[in-house]
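User: I'm new to this structure and would like a close look at a single part of it. Could you pick one turn, walk me through it, and then follow the chain outwards from there?

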Amino acid sequence: MEALDLEKLKYPIGKFEFPTEFSLEYISDKIHEIESFPERLKKETIHLTDEQLDTPYRPGGWTVRQVIHHCAESHMNCYIRIKWALTENNPVIKPYDENLWSDLPDNLKMPIKPTLTLLDGLHFRLAFIMKNLPDEDLEKSFIHPENNSEYKIKLLMATYAWHGNHHLAHITTLKKYKNWK
C-alpha cells in the first residue's frame, strides 16, 4: 500500500483545519454536527456483525469496535474539558493515552450498543450546553499539558465536530471498500 493511500485511510476527510473565523453560522453548524453524530454513527454500525466490528479500518489501525468506543471516551473528555473551562480559570486538563485506552478489554470486546446509548445522552448534553453558551463563554479556555497550548471552547466545538466526522468516515470508507451494507 502506498504512503498516499495510507494517508487517505488515516484522514479520509482530511486533517483538521483551524478555522479563521467563528461566525454564528459556523458555530451553529458545528453544534449540529456534534448533535447528529450519535444517530449517524448508529445508522452505519448497529447492524454490523462481530466479525465486521472487529475489522481494522486500515492496516495497523483500530477496529470499528475500537473506533466506536474511542469516540465515546474522547467525547466524554471533551464534555469534562468544557465544564472545567466554564467553571475554572484556564485550568490545566489531564491528558490520556487513547492508544492504551483502546487496548483495554472494554474497547476490544464489549458490545457497541451500550456505547451508542452513552453517545446519545452525551451528545444531547454537549449540544445542549453548547447551544446555551453566551458568546463570552466561547472564549473561555483550558491548557493542554502535552504542548502547553490554550484551547478555547469555540475551537473545541470545531475540533470535536471534525473528530466525529473523521471517525465516521473511517467506518463508511471501510464499509464501501468491503462492500458492506
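**A turn and its surroundings**

Analyst: Let's start with Asn148, which sits in the loop between β1 and β2. Keep in mind that this is a predicted model. Asn148 isn't a glycine, yet its phi is positive, near 55°. In general, most residues other than glycine have a negative phi. With a relative accessible area of 62%, over the 50% cut-off, Asn148 counts as exposed.

Now for the strands on either side. β1 and β2 make a hairpin, with four residues between them. The two strands run antiparallel and are joined by four bridges. β1 covers residues 141-144, and β2 covers residues 149-152. If you want a pair to look for, His144 stands opposite Ser149 in β2. Along β1 the residues point two ways: Ser141 and Ile143 go one way, Phe142 and His144 go the other, and all of them are buried. So the loop residue Asn148 is exposed, while the residues of β1 are buried.

Keep going along the chain and you reach helix α8, residues 153-178. α8 has 26 residues and reaches 38 Å from its first C-alpha to its last, close to the 38 Å expected at 1.5 Å a residue. Of those 26 residues, 20 are buried, so α8 is largely enclosed by the rest of the structure.

Just after α8 comes Asn179, with a positive phi of about 60°. Like Asn148, Asn179 has that positive phi without being a glycine. Asn179 counts as exposed too, at 60% relative accessibility.

What is the largest nonpolar core built from? It has 21 residues, and those with the most contacts inside it are Ile82, Leu126, Met130, Ile153 and Met157. Helices α2, α4, α7 and α8 each supply at least two residues of this core. There is also a second, separate core of 18 residues, which includes Val64, Leu116, Ile171 and Leu174. As a general point, nonpolar side chains in soluble globular proteins tend to be buried together. For a closer view of the largest core, try Leu126: leaving out residues up to four places away in sequence, it touches Ile34, His75, Cys78, Tyr79 and Ile82.

Two polar residues are worth a stop as well. His69 lies in helix α4, residues 64-87, and is buried at a relative accessible area of 2%. Beyond its neighbours within four places in sequence, His69 is in contact with Asp106, Asn107, Met110, Pro111, Ile112 and Thr115. With Thr115 there is a polar contact between the side chains, at 2.7 Å. Over in helix α2 you'll find Ser36, which is also buried, at 18% relative accessibility. The side chain of Ser36 reaches the backbone oxygen of Glu33 at 3.4 Å.

Last, a look at the wider stretch. An unreviewed UniProt entry annotates residues 47-171 as "domain: DinB-like". Over those residues the chain is 61% helix and 6% strand, and the end C-alpha atoms are 13 Å apart.

Notes: Residues numbered from 1 in each chain as written. Predicted model: local features only at pLDDT ≥ 70, side-chain atom pairs only at ≥ 80, totals over all residues. Heavy atoms only, no water. Buried < 20%, exposed > 50% of the residue type's maximum accessible area, 1.4 Å probe, protein only. Pairing = 2+ DSSP bridges. Expected span 1.5 Å × (residues − 1). UniProt positions renumbered as here; feature names shortened; annotations may be inferred. Contact = heavy atoms within 4.5 Å. Polar contact = N/O pair within 3.5 Å; in protein donor to acceptor, adjacent residues only side chain to side chain. Core = buried A, V, L, I, M, F, W, Y, C linked by side-chain atoms within 4.5 Å.
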